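Please go through the model below by question and answer. Begin with one loop residue, then move to a helix and the core.

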Amino acid sequence: MQGFIGEFFGTAFLIIFGTGSCAAVNLKKTYATGADWTYISLSWGMAVTMGVYIAGMLGSDGHLNPAVTIPYALFGLFPWHNVVPYLLGQFLGAFVGATLVIIQFTPHFKATKGEEAGNTVGIFATKPAISSPLFNFLSEVIATFAFVFALLNLGNFTTGLKPFIVGMLIFVVGTGLGSTTGFAINPARDWAPRFAYTIMPVPNKASAHWNYAWVPMFGPLLGGIIATAIKVAIK
């Protein structure tokens, strides 16, 4: 299970900090209620930074994202025998992280009655600002392509200040490309928290919108594959 522990804890803390910031903005009666998109994008960037540092210290490569792990393996940049442990760590870690956020914010879920009030799956997963399936899919492809292509130029991104650079990369992807769909750019970051919101006893919860979930699964995977293919071809 090489890398499982690092990916599990790294992704769990990524989700704790990232979805925690979304809960703080969306739910009633928090000190951050109503904060803006910059707050959310920067919080997700720093969440990724902390997750990568944790994962690297615990022995993984800090992928925290199937849209990194799978394309890297497809093009010979990562060993196939580590793919399943990494994916398990990513999805299980994301589920645990989301569950802890549900516990943390339970009084605020109780105070926020329904989707229109802010008790939405968007705290945990993504949904489009304008529903347009083709363009929502393309948005995730483009955002993930930009993210993974830049990431490929960092080498081992768990060392030194590189996790901070990765966090800043997430921040600029969020501010530049993320406002159309909420920039999943990571199937584990979307599906596992969406599942947690679906099955956990979240007070006053709304729909989990599984009809949209194919976009944050397949869009990031395709974007990561295209980025890695181009990088390998021009190396």
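Q: Where is the place of T112?
A: This is a predicted model, in which local features need pLDDT of at least 70, side-chain atom pairs count only at pLDDT 80 or more, and totals for chains, interfaces and linings use all residues. Residues are numbered from 1 along each chain as its sequence is written, and side-chain values use heavy atoms, with hydrogens and water left out. Helices are DSSP runs of H or I with at least four residues, numbered from the N terminus. T112 lies in the loop between α5 (106-110) and α6 (133-151).

Q: Is T112 buried or exposed?
A: Buried means under 20% relative accessible area, exposed over 50%, and partly exposed in between (1.4 Å probe, protein chains only). Because the relative accessibility of T112 is 0%, this residue counts as buried.

Q: What includes the cover of the buried residues of α6?
A: The buried residues of α6 are N136, F137, S139, E140, V141, A143, T144, F147, V148 and L151. Contact means heavy atoms within 4.5 Å. The cover over these buried residues includes α3 (66-74), α7 (162-177) and α9 (214-234).

Q: Which helix supplies the largest share of the largest nonpolar core?
A: A nonpolar core is a set of buried Ala, Val, Leu, Ile, Met, Phe, Trp, Tyr and Cys residues joined through side-chain atoms within 4.5 Å. Of the 51 residues in the largest one, W44, Y72, F124, F147 and L151 touch the most other members. Helices that each supply at least two residues include α1 (4-26), α2 (37-57) and α6. The largest share, seven residues, comes from α4.
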